[in-house]
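Hi everyone, thanks for making the time. I'd like to walk you through a structure that is new to most of us, so settle in and have a look at the screen.

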Amino acid sequence: MALHFCDRYKLMVLKISSKFELRRFCRTTGTSALLKLSQPKPDDLGFVDSISVEEIGGSRVTVVRSEDGGNKVATVVLRGSTDSILDDLERAVDDGVNTYKAMCRDSRIVPGAAATEIELARRLKEFSFKETGLDQYAIVKFAESFELVPRTLAENAGLNPMDIISNLYEKHASGNAKVGIDLRGDDSEDCGCKDVSTVNVWDLYVTKFFALKYAADAACTVLRVDQIIMVKPAGGLARRDQPAGMDED
């Protein structure tokens, strides 16, 4: 009945089944969601520049444009030949948006391309020399765990991981803490290493901080486990545990 009268008075109706999509639509138009069907107040109404139904990739979609005065919501349309390519594109866009969102909260950055990990490993090894007893070995192994990042980057780029790590330690020991892996490897003098600040390769500080924090917490949690619960197969008595006098099948 409601749709009949909406069509009679030339009112456009959108059916949005998802509450998350409804919230995005309300943010786009500046409207307020009503809990029941009633006459809206002037403050509950919104405004858009245009609304139309278009066909994108064989699917009919409703396009809402609100460009005057800015907009809090935007839609990114991705196209690809296969599902795997679309998944990679979606992941790249999601990472970029999350990075920008994190930069708005904490804009501190650190050198990328494994420069930060090598510098942390170098300083931890220097700190281990000041310790005595078994703690020294634990600190050294913790420092060596940071070498996993440059080793993985070097292997993915087709470079020699041992040479890259040795060159990075040499560059950082000389005082340049911003030297990272040059994946292109076009400079033979630097042996696959380069000052990443010159090519603007940076990582977010908050991302590095929480990654190292949660990785260390997970390792400590595993080391604290002093019991292992063995799962025994369900069922009755085994053949060797059958009482005397029972015939075996």
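Let me begin with one bit of vocabulary: a residue is called buried when its relative accessible area is under 20%, exposed when that value is over 50%, and partly exposed in between. Phe-142 comes out at 41% relative accessibility, so Phe-142 counts as partly exposed. Please keep in mind as we go that this is a predicted model.

Now, Phe-142 has a partner. The whole structure holds four aromatic pairs. In one of them, Phe-142 meets Phe-146 edge-to-face, with 5.2 Å from centre to centre and 80° between the planes. Is Phe-146 buried or exposed? Phe-146 is buried, because its relative accessible area is 8%. Another pair is made by Phe-209 and Phe-210: the ring centres are 5.2 Å apart and the planes stand at 80°, so this pair is edge-to-face. Phe-209 has a relative accessible area of 41%, which makes this residue partly exposed. For Phe-210 the value is 34%, so Phe-210 is partly exposed too. These two rings also belong to an aromatic cluster, made up of Tyr-205, Phe-209, Phe-210 and Tyr-214.

Let's go back to Phe-146 and ask who surrounds it. Which residues does Phe-146 touch, once its neighbours within four places in sequence are set aside? The answer is Glu-117, Leu-120, Ala-121, Leu-124 and Leu-212.

Let me pick Leu-120 from that list. You'll find Leu-120 in helix α4, which covers residues 115-128. Its relative accessibility is 32%, so Leu-120 counts as partly exposed. Again leaving out neighbours within four places in sequence, Leu-120 contacts Phe-146 and Leu-212. From Leu-120 to Glu-147 there are 27 residues along the chain, and their C-alpha atoms are separated by 9.6 Å.

Before I get to Glu-147, a word about the interior. Phe-146 is one of twelve residues in the largest nonpolar core. The others are Ala-114, Ile-118, Ala-121, Ala-154, Ile-164, Ile-165, Leu-168, Tyr-169, Val-179, Ile-181 and Cys-193. Three elements each supply at least two residues of this core: α4, α7 (161-173) and β4 (179-181). Which element gives the most? That is α7, with four residues.

Now to Glu-147, which I think is a nice place to linger. Glu-147 sits in the loop between α5 (134-145) and α6 (148-156). With a relative accessible area of 10%, Glu-147 is buried, because buried means under 20%. And what does Glu-147 contact, beyond its neighbours within four places in sequence? There we find Lys-125, Ile-165 and Tyr-169. With Tyr-169, the side chain of Glu-147 makes a polar contact of 2.7 Å. With Lys-125, Glu-147 forms a salt bridge, and the closest N and O atoms are 3.2 Å apart. Why is that bridge worth pointing out on the screen? Glu-147 belongs to the loop between α5 and α6 while Lys-125 belongs to helix α4, so the pair ties together parts that are 22 residues apart in sequence. Lys-125 has a relative accessible area of 23%, so this end of the bridge is partly exposed.

That brings us to charged pairs more broadly. A search of the whole structure turns up 13 salt bridges, and I'll show you a few. Arg-108 and Asp-106 meet through their side chains at 2.8 Å, N to O. Arg-108 is partly exposed, as its relative accessible area is 47%. Then there is the bridge between Lys-141 and Glu-144, at 3.5 Å, N to O. Both of these residues lie in helix α5, three residues apart, which is about one turn of the helix. Lys-141 has 57% relative accessibility, so Lys-141 counts as exposed, whereas Glu-144, at 31%, is partly exposed. Salt bridges can also share partners, and here that joins Glu-119, Arg-122, Arg-123 and Glu-126 into one network.

To finish, here is a short path to follow on your own screens. Start at partly exposed Phe-142, cross to its edge-to-face partner Phe-146, and move on to Leu-120, which Phe-146 contacts. Then look for Glu-147 and its salt bridge to Lys-125. Thanks for listening, and I'm happy to take questions.

Conventions
Residues numbered from 1 in each chain as written. Predicted model: local features only at pLDDT ≥ 70, side-chain atom pairs only at ≥ 80, totals over all residues. Heavy atoms only, no water. Buried < 20%, exposed > 50% of the residue type's maximum accessible area, 1.4 Å probe, protein only. Contact = heavy atoms within 4.5 Å. Core = buried A, V, L, I, M, F, W, Y, C linked by side-chain atoms within 4.5 Å. Phe/Tyr/Trp six-rings, centres within 6.5 Å; stacked < 30°, edge-to-face > 60°. Polar contact = N/O pair within 3.5 Å; in protein donor to acceptor, adjacent residues only side chain to side chain. Salt bridge = Lys/Arg side-chain N within 4 Å of Asp/Glu carboxyl O.
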